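I opened this model to look up a few local features. My entries follow the order in which I checked them.

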Amino acid sequence: MGLSAPGLSGAGGGGAAADTGAQALPPALRRRASPLSLLVCDALAQAAAEAGADLAAIPVLLGSAYGEIGTAVEMMRSFGDGAGLPSPIRFHNSVHNTPVAYASIGRGNRGFSTALAAGPETVAMALVEAAALLAERGGDALVVFADEPLPEPFAPARPWVAAAAALHLATAPLASPRARLGVPRRGSAAAAALAPALEAHPCAGAFALVEAVRRGRSGPVSIGPPPDGWVVEVEAGAS
């Protein structure tokens with residue numbers, strides 16, 4: 001597993017700094033990467049290291065409700081400045097799959113990668129996509145969930161902090177799996193206790209899932225959206 005949420009600690013927090021994620025990229029990419037990309041690379045590096053997975057070869061899936069929204073809004077605002085032309089770095093950093101692109105380029109991974117958004121159901125749909133990929137191809141994959149705060153004029157009434165969580169999933173049993181996860185299904189379960197700054201996060205369900213696995217809990221975990229959204233059955237394994 002991997003969790004990157006700068007400045008947070010405790011349930012659903014993490015406390016890893018973006019500087020940690022920067023170490024997953026070569027200096028040339030590090031200087032150009034967006035804050036969200038650094039968080040994603042950090043979470044992916046943590047999850048891969050724990051599982052002994054090769055970031056140069058493993059399939060990577062990103063679930064993000066808003067993607068590089070901060071960079072995109074900043075770029076659009078720049079249209080009214082000077083010549084009205086966007087910065088080339090902002091332009092290529094504004095697309096939805098930017099974080100997994102940096103992760104892939106940084107490790108020379110020419111294999112499968114994808115990014116998807118499904119609003120409040122992003123976590124569930126990213127897990128469904130990962131389950132479909134593994135059912136078709138077997139092997140293992142990394143799925144990472146990430147979003148950053150929405151800038152004005154989109155800032156919500158309940159803001160959240162930038163954070164990312166990653167899971168290593170495999171079809172074959174591992175020697176010491178942390179847990180076994182079911183395919184997301186419709187249903188409800190008690191909401192997990194998360195840090196207040198993550199409660200309204202679009203990927204809150206992913207942080208709840210990581211917390212359940214980390215604590216060795218079994219049973220259904222709500223991955224949103226409440227009240228009757230999606231759940232994943234967790235069977236705690238050897239830690």
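These entries cover one helix, the cavity, two pockets, an aromatic pair, two single residues and two peptide bonds.

**Entry: the model**
I note at the start that this is a predicted model.

**Entry: helix α6**
I began with α6, which spans residues 98-107. I counted 7 of its 10 residues as buried, so I call the helix mostly covered, taking under 20% relative accessible area as the cut-off. The buried ones are T98, P99, V100, Y102, A103, S104 and G106. What covers them? I found that the cover includes three helices, α2 (27-32), α3 (35-51) and α5 (88-93), and two strands, β2 (60-63) and β3 (113-116). Just past the end of α6 I stopped at G108, where phi is positive, about 65 degrees. Most residues other than glycine have a negative phi.

**Entry: the cavity**
I then looked for enclosed space. The count came to 1 cavity of 30 Å³ or more. Its volume is about 80 Å³. I listed the lining as A24, L25, C41, L44, A45, L55, V60, A103, S104, R107 and N109. Both α3 and α6 give at least two residues each to this lining. I noted A103 and S104 again here: they are buried residues of α6 and also line the cavity. By class I have 8 nonpolar, 2 polar and 1 charged residues.

**Entry: the largest pocket**
Next I turned to open space. The largest pocket has a volume of about 680 Å³. It is lined by 26 residues, and H168, L169, A170, A179 and L181 are the closest to its centre. Which elements supply at least two residues each to this lining? I have α3, α7 (122-137), β5 and β6 (179-181). The lining divides into 19 nonpolar, 4 polar and 3 charged residues.

**Entry: the second largest pocket**
For the second largest pocket I recorded a volume of about 490 Å³. Of its 23 lining residues, E199, H201, A204, G224 and P226 are the closest to the centre. Helix α8 (204-214) and strand β8 each supply at least two residues of the lining. I sorted the lining as 16 nonpolar, 5 polar and 2 charged.

**Entry: H201**
H201 came up in that pocket, so I looked it up separately. I placed H201 in the loop between β7 (185-187) and α8. Is H201 buried or exposed? I count H201 as buried because its relative accessibility is 4%, under the 20% limit. Beyond its neighbours within four places in sequence, H201 is in contact with A146, D147, W160, V161, A163 and F207. With D147 I also noted a polar contact: the backbone oxygen of D147 lies 3.1 Å from a polar atom of the H201 side chain. I checked one long-range distance as well. S4 and H201 are 197 residues apart in sequence, and their C-alpha atoms are 13 Å apart.

**Entry: the aromatic pair**
W160, a contact of H201, led me to the rings. The structure holds 1 aromatic pair. It is formed by Y66 and W160, with 6.2 Å centre to centre and 25 degrees between the planes. I call the pair stacked because the angle is under 30 degrees. Y66 sits in the loop between β2 and α4 (69-78), and W160 in the loop between β4 and β5, 94 residues apart. Their exposure I took one by one. Y66 is partly exposed at 38% relative accessibility. W160 is buried at 9%.

**Entry: cis peptide bonds**
I found a cis bond between E152 and P153, with omega about 10 degrees. P153 lies in the loop between β4 (140-147) and β5 (163-170). Another cis bond joins G224 and P225, with omega about -10 degrees. P225 lies in the loop between β8 (219-224) and β9. Most peptide bonds are trans.

**Entry: E235**
My last look-up was E235, in strand β9 (residues 229-236). E235 is partly exposed, with a relative accessible area of 48%. Setting aside neighbours within four places in sequence, I have E235 in contact with A179, R180 and S218. Its C-alpha atom is 12 Å from that of L209, which lies 26 residues away along the chain.

Note on methods: Residues are numbered from 1 along each chain as its sequence is written. This is a predicted model: local features need pLDDT of at least 70, side-chain atom pairs count only at pLDDT 80 or more; totals for chains, interfaces and linings use all residues. Side-chain values use heavy atoms; hydrogens and water are left out. Buried means under 20% relative accessible area, exposed over 50%, partly exposed in between (1.4 Å probe, protein chains only). Helices (H or I, at least four residues) and strands (E, at least two) are DSSP runs, numbered from the N terminus. Contact means heavy atoms within 4.5 Å. On a 1 Å grid over the protein atoms alone, a cavity is a set of points where a 1.4 Å probe fits but cannot get out, and a pocket is an open set with protein on both sides within 12 Å along at least five of seven lines; lining residues have an atom within 4 Å of a point. Grid points are joined across faces, edges and corners, and a volume is the space filled by probe spheres set on the points. Ala, Val, Leu, Ile, Met, Phe, Trp, Tyr, Cys and Pro count as nonpolar, Asp, Glu, Lys and Arg as charged, and the others, Gly among them, as polar. Rings of Phe, Tyr and Trp (its six-membered ring) pair if their centres lie within 6.5 Å; planes under 30 degrees apart count as stacked, over 60 as edge-to-face and the rest as tilted. A polar contact is a pair of N or O atoms within 3.5 Å; within protein, one must be able to donate a hydrogen and the other to accept it, and residues adjacent in sequence count only if both atoms are side-chain atoms.
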